[in-house]
Amino acid sequence: MTAPLLKVRDLNVRIPTPGGVLHAVRGVNFDLMPGEMLGLVGESGSGKSVTLRSLIRLHRPPIQMTGTVEYGGKNLLDSSESKLRDVRGGRISMIFQEPMSALNPVLTVGEQIGENLREHKGLRGKAAQDRAAELLDLTGIPSPRARLADYPHQFSGGMRQRAMIAIALASEPQLLLADEPTTALDVTIQDQILRLLLRLREEMHMSVILVTHDLGVVAQTCDRVAVMYGGRLVETAGVNDLFHAPKHAYTLGLMRSLPGAGEHRRPLQPIPGGPPDLRSLPPGCPFAPRCEYVTDDCRVGEPPLLEVAPGRFSACVHYSELPALKSTPEEVGV
Amino acid sequence: MHTSYVLRRLLQIIPLFLAVMVLVFTLVHLIPGDPVSTLLGDRATPDIVARANKELGLDKPLLVQFGLFVNQLLHGNLGESINLKIPVLRLIGERLPVTLFLTVYAAVLGVAMAVPLAMLAAVRRNTWVDAVIRAVFQVGLSLPVFYVALQLLTLLGARLGWFPIGGYGENFGEHLFHLFLPALTLGLNLAAILVRTLRNSIIEVLTAEYVDFARAKGLRGSVIMTRHVLRNALIATVTLLGLNIGALIGGAVITETVFAIPGVGRLMVDAIFGRDYPVIQGLTLMFALIVSLVFLATDLIHARLDPRAELS
Ligand SMILES: Nc1ncnc2c1ncn2[C@@H]1O[C@H](COP(=O)(O)OP(=O)(O)OP(=O)(O)O)[C@@H](O)[C@H]1O
Ligand SMILES: [Mg+2]
């Protein structure tokens with residue numbers, strides 16, 4: 001068996017806020033295999049972005065990160081800044097959720113790609129220009145050479161997203177952390193970008209962690225899924241397994257709220273209630289207040305993430321009672 | 001590149017000029033006293049005063065005087081100094097370079113002090129370092145320019161003898177040396193204004209997503225600070241700097257007097273005391289022109305720094 005590329009153990013992120021400490025990520029564990037595409041899903045505020053950022057220790061004080069993120073035999077959470085700089089943007093690249101705010105408004109797109117090329121590939125001047133144009137071309141931006149001189153505000157939303165991908169890929173990373181790379185885009189562009197990521201994964205042999213709250217996107221692209229709820233992973237499984245038979249009541253709820261998923265012609269069922277307050281969590285399963293399967297057992301202590309079948313992990317007390325779905329990823333995929 | 005914009009802005013200076021002309025003409029004649037009695041003193045007989053007034057055209061009705069003044073101006077002539085008997089334009093030509101040197105010198109010193117200190121204060125925000133930097137400049141801001149000038153003059157000039165206590169010197173090196181204390185006086189004042197704004201905008205920019213993205217790219221801290229943070233933070237500060245160049249020239253009037261520097265500031269003070277109407281009028285118009293040009297330059301630089309800015 002090959003060794004994982006990334007090993008995350010007991011990852012915790014605590015954010016001090018005026019209203020108390022917000023425990024945004026609470027003991028997350030997972031492995032990522034080389035070449036694997038892992039989907040990280042969950043509703044808004046479940047901690048996906050915070051988790052992703054902590055993988056390269058991007059949070060700044062007073063935000064606290066604990067646990068281990070093992071990469072290349074080292075724990076990135078206690079590596080020196082200079083070691084981390086090689087990894088960041090070099091071997092592990094990140095695409096941010098909002099390209100408009102993540103791109104610097106006063107630097108041209110060419111300059112922003114060039115920075116990466118200089119830092120991680122040692123390219124300068126003409127060579128860097130050529131490579132930057134190549135990267136823009138790779139992400140499907142027409143007349144790339146001319147667009148290098150454009151500023152981000154001169155790009156459309158989809159093009160900005162592509163520019164971000166071009167920046168992230170400049171260093172030919174081993175791992176791409178992609179935070180909702182398609183959420184802000186219309187369906188056609190979304191589709192193009194996802195295809196692009198899939199193609200690049202093949203061509204560059206990258207691993208990808210794809211954050212999204214769209215199960216359709218996951219079905220279309222990922223090998224494995226990790227479902228996040230209230231700052232914890234509540235289920236991880238292969239994509240097919242997950243869509244056939246979710247092993248967590250929350251995952252089941254998510255699938256039922258998808259158009260075209262679940263039992264056929266069943267009306268959409270949004271999950272009632274809202275996400276938990278990460279500043280003061282009740283004891284027990286964080287999903288219990290919204291769960292239709294809830295029993296007293298759910299409220300005693302927070303259920304741990306356990307292996308309930310080979311390669312399948314769930315933190316649901318009632319995982320064995322959940323109905324199988326006749327859906328396949330293809331049906332869900334738009 | 002923005003030729004039409006620049007032309008439009010230059011044309012806008014004309015109405016401003018007219019307004020300043022009316023204003024300054026009125027104000028000048030509102031100052032109690034007149035050039036002749038100031039020049040001749042108490043012992044002049046009414047006869048002599050009348051003759052002098054006639055010679056200078058000061059006996060004509062104000063409206064006529066104004067007409068003559070405007071007419072002169074249209075011929076590119078600012079008149080002649082009553083007291084010095086030198087054409088005002090030539091006076092300005094001799095004295096303006098000194099003041100411009102002082103102003104630019106002060107601006108350079110001010111920015112050179114403000115930028116690193118603002119960066120330090122922002123990076124170490126809410127620590128004692130930040131507190132000290134802010135407190136020092138807060139005090140600096142509340143001290144009047146003439147007071148700071150006198151203190152520097154006494155300490156670094158007279159007592160320690162490190163710097164000359166006046167004059168302008170003969171060549172560039174001497175200018176730098178002679179004008180150091182006055183430029184420092186004005187520069188400190190400017191730095192005090194800039195540090196506060198710049199510190200706050202650096203702190204604001206530091207929280208921007210693109211700074212985190214730059215960190216996620218694995219860039220060096222110094223690169224992030226200069227390329228990503230400072231460039232954005234300076235956008236707001238450039239406008240403030242432009243606005244304060246005007247104030248700097250105003251400050252030059254005081255500093256030039258304290259440090260006995262032969263610039264237009266001193267000239268202005270002398271002209272006011274001597275009720276030298278043509279000089280006062282000419283200088284005021286010159287100040288208006290310079291300030292307009294500085295504002296125009298500020299807007300152009302702002303557009304340069306911020307590609308999103310539309311010149312309109
Ligand atoms: N800098 C911050 N300061 C305070 N709270 C924060 C900060 N960043 C994140 N949070 C909080 O942490 C929790 C998790 O946020 P996160 O951005 O990870 O959600 P997400 O799963 O990415 O949601 P979305 O799908 O909307 O992007 C939320 O409650 C959010 O309000
Ligand atoms: Mg997010």
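This is a short dialogue on reading a predicted model, chain A with ligand 1.

Q: How many helices and strands does chain A have?

A: Chain A contains 12 helices and 12 strands. The radius of gyration of chain A is 20 Å, close to the 20 Å that the globule rule gives for 334 residues, so chain A is as compact as a globular protein of that length. Along the principal axes, its C-alpha atoms fill a box of roughly 65 × 45 × 45 Å.

Q: What share of the residues of chain A count as buried?

A: A residue counts as buried when its relative accessible area is under 20%. In chain A, 55% of the 334 residues count as buried. The chain exposes about 13,900 Å², and carbon and sulfur atoms supply 53% of that area.

Q: Which residues come nearest to ligand 1?

A: A residue is near a molecule if one of its heavy atoms lies within 4 Å of it. Around ligand 1 there are 15 residues, and A:Ser44, A:Gly45, A:Lys48, A:Ser49 and A:Gln97 come nearest. By class, this shell has 5 nonpolar, 7 polar and 3 charged residues.

Q: Which helix of chain A gives the most to the shell around ligand 1?

A: Helix 1 gives the most, with 3 residues. Helix 1 (48-55) and strand 2 (20-32) each supply at least two residues of the shell.

Q: Where do polar atoms of A:Lys48 and A:His213 lie relative to ligand 1?

A: A polar side-chain atom of A:Lys48 is 2.9 Å from an oxygen atom of ligand 1, and one of A:His213 is 3.4 Å from an oxygen atom of the ligand. Taken alone, ligand 1 exposes 630 Å², of which the protein buries 65%.

Definitions and conventions: Residues numbered from 1 in each chain as written. Chains lettered and ligands numbered in written order. Predicted model: local features only at pLDDT ≥ 70, side-chain atom pairs only at ≥ 80, totals over all residues. Heavy atoms only, no water. Polar contact = N/O pair within 3.5 Å; in protein donor to acceptor, adjacent residues only side chain to side chain. Areas by Shrake-Rupley, 256 points an atom, 1.4 Å probe, with all protein chains shown as cover. Helix = DSSP H or I, 4+ residues; strand = E, 2+ residues; numbered from the N terminus. Nonpolar A, V, L, I, M, F, W, Y, C, P; charged D, E, K, R; others polar. Rg over C-alpha atoms; globule rule 2.2 N^0.38 Å. Buried < 20%, exposed > 50% of the residue type's maximum accessible area, 1.4 Å probe, protein only.
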